Structures are given as C-alpha cells and as structure tokens.
Amino acid sequence: MINWKVILSIAKTHLLSKFKQTSIAALGVTFGIGAYITLVSFMTGLNKMLDDLILNQTPHIHIYNEIEPSKKQPVDLFEAYNSSINIVHSIKPKLVQKKIYNALPLLNYLRENEDVRGAVPQLKAQIFYISGSIELGGNLTGIQVLEEARLFDIQDYIVKGSPKALSNSNNGILLGAGIASKMSLDIGDKVQISTIKGDVFPLKIVGIYQSGIADIDAVQSFTNLKTVQRILGEPDNFITDINVKLNNIDLAPAMSKKIEQQFNLKAIDVKTANAQFETGTTIRNLITYAVSITLLIVAGFGIYNILNMFIYEKMNDIAILKATGFSGDDVLLIFMSQAIIIGLIGGCLGLFVGLMLSNLIDTIPFETEALPTIETYPVNYNGWFYVIGITFAMLSTFLAGYLPAKKAKKIDAVSIIRGQ
Amino acid sequence: MSVVFEVKHINKYFRKPVLFHVLKDISFKVKKSEFVSIMGKSGCGKSTLLYILSTMDTDYEGELFLNNKLITGNSRNELAYLRNKYIGFVFQFHYLLSEFSVLENVMLPAKKLGEKSFEEIEFDAMEKLKMLNIKHLANKKAYRISGGEKQRVSIARALINNPSIVMGDEPTGNLDSHNAENVFNIFKELSQQKGLSLLVVTHDQDFAKKTDRIIQMEDGKILT
C-alpha cells in the first residue's frame, strides 16, 4: 500500500527546506545535460558539415575508363604455357579509349535502378586558359548542371551566379575562383580557352566556382556537357565519367563491384575513395560521446553526493518515520522521489540551457574560405539528443538516488532512537 | 477485561561484541486501559524489551500478540502497518520532523494510514492538539517550540490514529518536574477516560508509583 500523496509531500518538504542543496544538485544536472546538448549539437553539426563537404561533392560511385595494364597478358592466354609460371617484364598499359562505351544506355540503365537516386554524365577535358600571351593549364568539366545541383549540391559552391544561368547559356562557364582572381575576371567577362589540339574558344563567365580547396579552384571550371563536346568536336554520346548517387550510401561498395564486372569499367565507391574520412568521422563521434558521458556521470556523482548527505542529515527523520509506521519501502520511495524530482527539474532546465546555448552558437559568425556557403557555426538540432539527454538525466539520478535511498531503507530506527 | 498486548517467552541476545543474553524468558500481558510502567536499572534490558514490543526490533525469540493476534514473524511492511494503526510512540527525545509544522507532524501517521480524508485528519489532529492545550502552536514549525511543548506534540502524534496501546521510552526523562507532571496527567487521563493502554519505560520512581502496575526488571528478567 503506497500512499504517493504523503510520500511526495514529505519529499517536497525535504527538498524545499534544503533549497540551497537541492538547487545545487539540480544545477549539477542542468550543467551536465546542458553541456551535453550543446556539445553534441555543435559537434555533430560540425561533423555533418565536414561530412557534407566531402559527401556532397563526391559521387557514391564514380565510373570511368582507367588506363591500366591488362590483367591477363597474351602469354597467359596461350594454352601451351598454361601450366608454367610466366613472367613478363616492363608491361605497358593497354590503350583504351577515354570515353565510356555505350554511355547513354548505361546511364539509362543506372537511372532505372531503384537504389539509384541519380546518375550524371561528365566529360573531363584538359584545356588552357588564355590571357594574352599567357596560357594557364586547367580542367574543364562538362556537366548537366541542373542534375549536378539536384544530386551534388553544386550550387553551394557557386559563390557568384547560379546553376540556372549556366544551363540557360550556350557558351557559359563557371570559372574556378582561383583562375578568376589570377586573370582578374568576373561574371559577365569573357575568357578564352584553348583545347590541347589548339582550337581557341571564347566562353562567357556566368558564375564563379569555389570548392574551398585552393588547388582545385586554381584549375577547375565547369560548363555544359554539350559545350565541351562541341569544343572537343565529339558527338553527343562522348562521356568520360558517370557519377552515381545512391539512396543508401552503404550499398556503394557492392554496387560498384557489380558495375565493374558487368560493364568492364572502373567503378570506385566513396568508401574506398575516402576511407580516411570515415575514420575521422568515427573518431570525432567517439570523442563527442566520451566527453558527454563524462559530463553526465559527473552530474550523477553530484546527485549521489548530495542525497547521501541528505540522508545523513535526515537520520532522525527516517527513524521517526519508521517508528510511526512508515515502512522501509516508503522511506526508499521518499528519497527516490527526491532524486527523481531533482533529476527531472535539473534535466529539463538542462535541455533548455542546451537549446539556448546551441541557438547562441548558431548565431556566431563563422566565415572561412574553405566553406563559402557557411556563415555561422553549424549546429545540429536533433530531437534525439534531447530524448537521450533527459533519459540519461533520469537514469543517472535514479541510480545516484537509489544507492543512498536503499541505505535509508535499511537504517535501523531502533539504533538511532536509542543512540541519542 | 480484554488483553491488548501479550508477550510470551521473549528471549533476546546481543551477538556483538560477544554473545550476551539480554532478555530472559519475558512474559506479561497488558489489559485494556491499563497504565503499566517498566522499571529497572540501566542496562537491565527494559528499553531493549520496549523496542521488541514496538515491532521495530524483530531479532528475538518468543511470541508477541497484539489484540490477540500473533504478530511475530510478520513481514516488515505488515509490521509497519500494525505500528502505524495500533501502536503510538512517545520517546525521551522529542523526535519531531523539524521542518514540518506541528500540525503536519501530528497528521503524518494518519495520512500514511490513509483511512480518512484530509479534512477529517486535520480535524482530528486539531482535536488532539486542543486536548493537550497546544492548539495555538499548530502552524509553528516543530523546531521553534519548547521541549515540553514538543513532548506534548509527540503525544498528540502518538494518538492520532487512535491506537490500542501507547508506548513510551522515558517520555518524561528529559522534562522538568512541572512538565513531567503534566505529561503524566495526560497519560492518566487517556487511560482512564479513553480506555487507552499505556506501557512506559521509566527511571522515575514517583512517576512509576502513580501507575496501575509496575513491572520491575533486573538482569533481563522480570522480578514482579
């Protein structure tokens, strides 16, 4: 028979009469949870931004023709030497065409696959930017800019102009920021480019591209796929690369292998291409959680400490309660409910403080060359952090309260009453 | 007259620091509206006996009957309930919850019992306080009143659930003669007028003489 009203009213009186200690215990939780929320929101926000920096630009699967030696040399195919060990010196790479064979049907095939969110063709060409008598080497990539914008967020890296401006123009170019500053060019200007064969074409600058990686920005420019095909004098189906974005990035390794075998092409998945990046993310998450859990445990010890002191101070009260007919379980519940009230109030305040601090961080300017579209520190407002925070607050206060409360339950009233 | 409380062949040992036989084959009865005092020298085991009777100490041999029902061997929670409903306590030291008001202290055991509504309990508590002439203290915090007043508050608390028996461990031991007299008179009145049984451990010869019966103890045994 548990009389909650009485138990809670006793717990309330205890808490209010020791308002200072109660507030300190609750503030301990508030601090722990608030710091956890702030830290985890900020860190995962930063993580996500760094992940996006790589993932958005990187296709999940990159398909192209690799120049490499044949895996089987002619001698391996000759039956007479089948059972012998053949050693071939100075193997030369096999000459393959740069373009992907049957690229358009392949694109259609990929787009029909349910796991594929999108596939875009690219045509990469070596060119020179011409400024008077100076020729600067560079890369010009022909893209379907609207598809790129949809799948790979290219608009985040266009600091001036827009993808639309490029797609609407026949001879537009998104010039790399590095080249633009080297050649003192801006939107609306014209830039001369020359192919390796020596043909010179004027292109109109409709946008400035800045990836944040200076080496890339100093060489890389984009234009429409058709424009590059025209410059190189190649037909519509001349495509050197296909970039695939999947709905689920985890499928990339398996799918890239399948494509390699099926079409006899090179297919690199994002995990192979960026193995070190995955490691970085994992470790950053690990650190975030290690620090957060430490904070929460420290808060838990604070509660444990204060409740322990409470119980020593309240020895007499416990003895009286027991003598007047409160059972050990009632006493346990009285102290447990104190712990849980502290946890709940401290935890909710902590969530609020965390939200406020995250909001504050979200407004702090954060401008960097590397991330042209980021203006303030990134913060991840994920509801789950708040659920985890309050759950942990309750859990740790429960545990921190349970041990002292159990002690209170076991206190022998007789020895206290007689001992005085 | 009906028997309220009965003790049969109680034996108790202290195991630490060495095995010591504290109570030796104690048996007696307390009848309804009887005022019994237990006397004896320090260390004769009278307080130990009282705490066994109070059901707070369960480490003993023998049998304990409350209202003719065996309560030895009941679970701690059942004992807590019996203590709450049938037994009132008054200690030598006042033992009030200092952060609660006088009224709340008195009401607490009744709230725990939970048989009456809050208003009824409050009314009862005020009645008890009025009976003990401390009604004016009802809303004061327990730590702000004097020793004699505290003792009366703890008597009021012992009475709030209309128990079958009230036990006291030197209830007047810490009071001056005027207040001791006062407490004795209250007890006497309760046993005579309300039919309450009282079992009081005391050192005070004068106090004991005025009770209905004295149980004299020595070396863990009952002499008379």
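# A walk through the two chains

Select A:Tyr129 and look across to strand 6 of chain A: the residue standing opposite is A:Ile193. Keep in mind throughout that this is a predicted model.

**Stop 1: strands in chain A.** Now colour the two strands around that pair. Strand 2 (residues 116-131) and strand 6 (residues 190-195) of chain A run antiparallel, joined over 4 bridges. Strands of a sheet pair through backbone hydrogen bonds, either parallel or antiparallel. Stay on A:Ile193 and look towards strand 7 of chain A, where A:Phe201 stands opposite A:Ile193. Strand 6 and strand 7 (residues 200-209) of chain A are also antiparallel, here over 5 bridges. Follow the chain round the hairpin that links strand 6 and strand 7 of chain A: there are 4 residues between the strands, and A:Gly198 takes a positive phi near 110°.

**Stop 2: colour by confidence.** Switch chain A to pLDDT colouring. Its mean is 85, with 98% of the residues at 70 or more. Which elements of chain A have the lowest and the highest mean pLDDT? Helix 16 of chain A is lowest at 74, and strand 8 (residues 220-224) of chain A is highest at 93. Where pLDDT is low, the predicted coordinates should not be read in detail.

**Stop 3: a lysine in helix 1.** Pick A:Lys12, which sits in helix 1 of chain A. Is A:Lys12 buried or exposed? The answer is in between: A:Lys12 is partly exposed because 13 other C-beta atoms lie within 10 Å. Next, add A:Ser337 to your selection. A:Lys12 and A:Ser337 are 325 residues apart in sequence, yet their C-alpha atoms are 8.9 Å apart in space.

**Stop 4: where the chains meet.** Show both chains together. The contact uses 20 residues of chain A and 23 residues of chain B. On the chain A side, the elements giving two or more residues are helix 1 (4-17), helix 13 (315-323), helix 14 (328-363) and helix 16 (413-419). Select helix 13 of chain A, since that's where the largest share of this side, 5 residues, comes from. By type, the chain A side splits into 7 nonpolar, 9 polar and 4 charged residues.

**Stop 5: a sheet in chain B.** Hide chain A for now. Chain B has an open sheet of 4 strands in the order 2-1-4-5, with antiparallel pairing. Its edges are strand 2 (20-31) and strand 5 (69-70) of chain B, each of which pairs on one side only. Zoom in on strand 4 (residues 61-66) and strand 5 of chain B, an antiparallel pair with 2 bridges. Here you can find B:Phe65 opposite B:Leu70.

**Stop 6: helix 6 of chain B.** Select residues 177-193 of chain B and try your distance tool. With 1.5 Å a residue, this helix of 17 residues should span 24 Å, and its end C-alpha atoms are indeed 24 Å apart. Show the side chains of the buried residues: B:Ala180, B:Val183, B:Phe184, B:Ile186, B:Phe187, B:Leu190 and B:Ser191. Look down the axis of helix 6 of chain B and you'll see these buried residues within an arc of 155°, so they line one face. An α-helix has 3.6 residues a turn, so residues three or four places apart point the same way. What covers the buried residues of helix 6? Strand 3 (35-40), helix 5 (147-159), strand 8 (197-201) and helix 7 (205-209) of chain B are among the covering elements. Turn to the face away from the buried side for exposed residues including B:Ser177, B:Asn185 and B:Gln193. Finish at B:Gly195, which follows helix 6 of chain B and has a positive phi near 70°.

Note on methods: Residues are numbered from 1 along each chain as its sequence is written. Chains are lettered from A and ligands numbered from 1 in the order in which they are written. This is a predicted model: local features need pLDDT of at least 70, side-chain atom pairs count only at pLDDT 80 or more; totals for chains, interfaces and linings use all residues. Two residues are in contact if their C-beta atoms, placed from the backbone, lie within 7 Å. Ala, Val, Leu, Ile, Met, Phe, Trp, Tyr, Cys and Pro count as nonpolar, Asp, Glu, Lys and Arg as charged, and the others, Gly among them, as polar. Two strands pair if DSSP finds at least two bridges between them. The expected span of a helix is 1.5 Å times one less than its number of residues. A residue is buried if 20 or more other C-beta atoms lie within 10 Å of its own, exposed if 12 or fewer, and partly exposed in between; C-beta atoms are placed from the backbone. The arc is that of the directions from the helix axis to the C-beta atoms. pLDDT is the predictor's confidence in each residue, from 0 to 100.
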